[in-house]
Amino acid sequence: MFRVIIADDENRIVKMLAASIPWTKLGLSVASFASDGMEALRLAEEKKADIIITDIRMPGLNGLELCEKLHEANPNIQIILISGYADFSYAQRAIQLGVLGYCLKPVDIQYLQKLLRQAVQNIRREVSLQADTLLDYMEEGEEGPLRRILWKFGFTAPELYLAVSVRMPDCGEALEAGLTVRLGKRKYLYLREKPFPRDAACRLIGESREKGGIGLPPTPIPISQLKEKVSETEIMACQFFITGSSCLTEFPVSTALTEEFFARFQEALTCADSLLAFLQQLRRQNCALLIDIASAYRFYNRMLASPYLGSSPGDDEYFLNGYEQLAENYGSFADVLEEMESCLYLPEPEPQPSQNGSNATSFMKIIKYLNENYEKDVSLKKLSGLFHLNSSYVSFLIKNETGLTYSQYLTELRIGKAKELLTTTDLSLAEISEAVGFNDYFYFIKKFKKVVGVTPGHFT
């Protein structure tokens, strides 16, 4: 919720405003009250206020003087003036100072609520734009601009605490975050200058109605390492995929145990029987101590590259592009192991191209479906099942007709739609990322830059 300070030297006005406005319904909370301008200025900084409702005539600083100082400290703060004086000169000066609205006493509550709703929209729009810029600087590794944009959000410390939640609603308020940034579908980044309340994170996990996770490193992160540590914390937050249930993860999975896991896996790749035994052993183990979702993704693609699951060397159509796809395609790592085991002796047959007319018909149906559903999880496996066709045959059709692999075609389709949204809408980059089918913001940035040549934030 956005924080509001009410400043008025008439106590009855303060009480009336506090009681008359449905603050929670508007997405607001009253952070504090002030009876003079200097106190209002102090509280605005201390509480990191988003909105100030202030009388014009107060002891200390009057409302207009307060507006000047508030805007010096935070150009984006939303200010609403109230006064018992219908003085045009006040209104003129208020407009020059960027005040959102001007209410005469007795206050029209309906009009004030309208101004508050506008203030909320303005703040959300500004936060969204600045959050996009923040993520863009983070991806580009531009530390100077990154520090400046963090300063705009009120962060002045050289190190920050961070947390990431995945497949959970926005936890920013419960975690007392100083800033919440949407990274993708049901994925949020939280920043704070003080440690996050661990008990609150535990409660969120315990109350979660579906499998989700929170990554919560216990130590602060230098600004220069923010991108690297955000990516690492995202992976920690996805540990629910390995455990099979919601969990709070505070440290990365041990690298030594992970490398031991892959060493055993490499030994098992000598023949189908040893690989089967390895898979069966994994299904009996607690894999949460061995691997994270990034390692599970690495394992998955190595399995597909083996000669025991039917994929051909160099054929990347069956491979996943990132661990996000793994979590979308399977409920848990246990499901991956079960499928691998069941498919071990069932290699997929080679594609059997049909007559040209049939090929064209199948191709047009597939392309039509992709163009209408590009924002969904449309893996080659799912697409093949939907049309009751062999995966290799679907891959053959797309490559034969477009000159692109399935993955390349889908990526170019999504990036084309993203470029369209960037030039025709006011959606944030995180919203565009999700709208075109990328559930991970940083993966979207990398793909966009690879195809277009610049990041989405620099695209015009």
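Y393 is buried, at a relative accessible area of 5%. This value comes from a predicted model. The residue belongs to helix α17, which spans residues 391-402. F396 lies in α17 as well, three residues from Y393, or about one turn of the helix. The two side chains form an aromatic pair. Their ring centres are 6.3 Å apart, and the planes meet at 15°. The pair is therefore classed as stacked, since planes under 30 degrees apart fall in that class. The burial of the two partners is not alike: F396 reaches 29% relative accessibility and counts as partly exposed, whereas Y393 is buried.

The overall architecture provides the setting. The chain contains 20 helices and 11 strands. Its C-alpha atoms fill a box of roughly 85 × 50 × 40 Å along the principal axes. Of the 460 residues in the chain, 49% are buried. Contacts were also examined by sequence separation. Among those with a separation of 6 or more, 67% join residues 24 or more positions apart.

Aromatic pairing recurs elsewhere. A search of the whole structure returns 14 aromatic pairs. One of them joins F265 and F299. The ring centres of F265 and F299 lie 4.8 Å apart. Their planes are at 55°, so the pair is tilted. This pair links distant parts of the chain. F265 sits in helix α10 (residues 255-268) and F299 in helix α12, with their positions 34 residues apart in sequence. Both F265 and F299 are buried. Ring pairs also connect these two residues to a cluster, whose members are F261, F262, F265, F278, F299 and F333.

Helix α12 contributes to a helix-helix contact too. Residues 293-305 form α12, and residues 333-343 form α14. The two helices pack at an angle of about 10°. Their axes are 12 Å apart. Angles under 35 degrees count as roughly parallel, and α12 and α14 are therefore roughly parallel to each other. On the α12 side, the contact is made by A296, F299, Y300 and M303. On the α14 side, F333, V336, L337 and M340 take part. By class, the contact has eight nonpolar residues, no polar residues and no charged residues. Two of the contact residues, F299 and F333, are also members of the ring cluster.

Charged groups were located over two aromatic rings. The charged end of R298 sits over the ring of F262, 3.7 Å from its centre. F262 is itself a member of the aromatic cluster. In the second case, R414 lies over the face of F438. Here the distance to the ring centre is 5.7 Å.

R298 also has a spatial relation to G322. The two residues are 24 residues apart in sequence, and their C-alpha atoms are 8.8 Å apart in space. G322 occupies the loop between α12 and α13 (323-329). With 17% relative accessibility, G322 counts as buried.

Backbone geometry was then examined in the loops. The peptide bond from K105 to P106 is cis, with omega near -5°. P106 lies in the loop between β5 (101-104) and α5 (109-140). Positive phi values occur at R167 and E176, each a residue other than glycine. Phi is near 60° for R167 and near 55° for E176. R167 is found in the loop between β6 (159-166) and β7 (179-184). E176 is found in the loop between β6 and β7 as well. Their accessibilities fall in separate classes. R167 is at 17% relative accessibility and counts as buried. E176 has a relative accessible area of 47% and is partly exposed.

A buried histidine completes the description. H71 is placed in helix α3 (residues 63-73). Its relative accessibility is 18%, so H71 counts as buried, the cut-off being under 20%. Leaving aside neighbours within four places in sequence, H71 is in contact with I77, I79, L97 and G98.

Key. Residues are numbered from 1 along each chain as its sequence is written. This is a predicted model: local features need pLDDT of at least 70, side-chain atom pairs count only at pLDDT 80 or more; totals for chains, interfaces and linings use all residues. Side-chain values use heavy atoms; hydrogens and water are left out. Axes are lines fitted to C-alpha atoms, for helices over the stretch in contact, and angles run from 0 to 180 degrees between N-to-C directions. Helices (H or I, at least four residues) and strands (E, at least two) are DSSP runs, numbered from the N terminus. Angles under 35 degrees count as roughly parallel, over 145 as roughly antiparallel, 65 to 115 as roughly perpendicular and the rest as oblique. Contact means heavy atoms within 4.5 Å. Ala, Val, Leu, Ile, Met, Phe, Trp, Tyr, Cys and Pro count as nonpolar, Asp, Glu, Lys and Arg as charged, and the others, Gly among them, as polar. Rings of Phe, Tyr and Trp (its six-membered ring) pair if their centres lie within 6.5 Å; planes under 30 degrees apart count as stacked, over 60 as edge-to-face and the rest as tilted. Buried means under 20% relative accessible area, exposed over 50%, partly exposed in between (1.4 Å probe, protein chains only). A charge sits over a ring if NZ of Lys or CZ of Arg is within 6 Å of the ring centre and within 35 degrees of the ring normal.
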